[in-house]
Amino acid sequence: MKRVMLPAFLALSCCGPKPAGKVVYGPHCGICHHGGGGMPGEIPPLVGRLDLIASTPEGRHYLVDVILDGLRGPFVTQGYRYDFSMPPFRRLLDDQQVADVLNWLIERGDSRPAPRITPQEVARARAQPGHPAATYHERQILDGKYPLP
């Protein structure tokens, strides 16, 4: 049997550890949002939008609230209407996991340098009670101030 030797960079790129955010995303978010592209009219896309939303402190806070507290209510994104209900992950994910998931999605957008969300930002948001309807209201205010992609 002949052995094939791969260059080191190929071996590492195919077999290296997955980013922490991707590992958490798969079983928690990927079930609905798939690879981050969503399903037009059913599940909103994330990749290519979250980096733009995260460009302001209010946007980063909103994104953290969406994961911690969920989101419920109709909205339009990229020309598609969503009457969406996302569950909260406050009790399932810790501050680092929330930051990792958001940063992994943000980094997949086109913004350079990509905005970053810290576990400390998540902890501050977690210290406040939340609800999917409150996150929806936060979205409406944010969309009025910085139109959301």
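Leaving aside its neighbours within four places in sequence, which residues is R116 in contact with? Select R116 and find out: its partners are R60, N103, E107 and E121, where contact means heavy atoms within 4.5 Å.

Before going further, a word on the model. It is predicted, so local features need pLDDT of at least 70 and side-chain atom pairs count only at pLDDT 80 or more, while totals for chains, interfaces and linings use all residues. Residues are numbered from 1 along each chain as its sequence is written, and side-chain values use heavy atoms, with hydrogens and water left out.

**Stop 1: around R116**

Stay with R116, in the loop between helix 6 and helix 7. Helices (H or I, at least four residues) and strands (E, at least two) are DSSP runs, numbered from the N terminus. R116 is partly exposed, at 48% relative accessible area; buried means under 20%, exposed over 50% and partly exposed in between, with a 1.4 Å probe and protein chains only. Show the side chain of E107 too: it makes a polar contact with the side chain of R116 at 2.3 Å. Such a contact is a pair of N or O atoms within 3.5 Å; within protein, one must be able to donate a hydrogen and the other to accept it, and residues adjacent in sequence count only if both atoms are side-chain atoms. For a distance label, pick the C-alpha atoms of R116 and L102: they are 8.3 Å apart, with the two positions 14 residues apart along the chain.

**Stop 2: helix 7**

Now colour residues 119-126, which form helix 7, and pick out its buried residues, E121, V122 and A125. They lie on the same side of helix 7 because they cover an arc of only 100° around the axis, taken from the directions from the helix axis to the C-beta atoms. Add helix 5 (57-69) and helix 6 (95-107), which are among what covers these buried residues.

**Stop 3: the rings**

The whole structure holds three aromatic pairs. Rings of Phe, Tyr and Trp (its six-membered ring) pair if their centres lie within 6.5 Å; planes under 30 degrees apart count as stacked, over 60 as edge-to-face and the rest as tilted. Begin with Y25 and W104, a tilted pair at 5.1 Å centre to centre and 55° between the planes. This pair links distant parts of the chain, with Y25 in helix 2 (residues 20-28) and W104 in helix 6, 79 residues apart. Y25 is buried at 4% relative accessibility, and W104 is buried at 13%.

Next select F75 and F84: their ring centres are 6.2 Å apart and their planes at 80°, so the pair is edge-to-face. Both F75 and F84 are buried. Add Y82, and ring pairs link F75, Y82 and F84 into a cluster.

Two arginines belong in this view. The charged end of R108 sits over the ring of W104, 4.5 Å from its centre, and R139 lies over the face of F75, 3.9 Å from the ring centre. The test is NZ of Lys or CZ of Arg within 6 Å of the ring centre and within 35 degrees of the ring normal.

**Stop 4: T135**

Move to T135 in helix 8 (residues 132-145), a buried residue at 2% relative accessibility. Not counting residues up to four places away in sequence, T135 touches Y62, D65, V66, D69, G70 and L71.

**Last view: the chain**

Zoom out to eight helices and two strands, in the order α-α-α-α-α-β-β-α-α-α. Of the 149 residues, 41% are buried.
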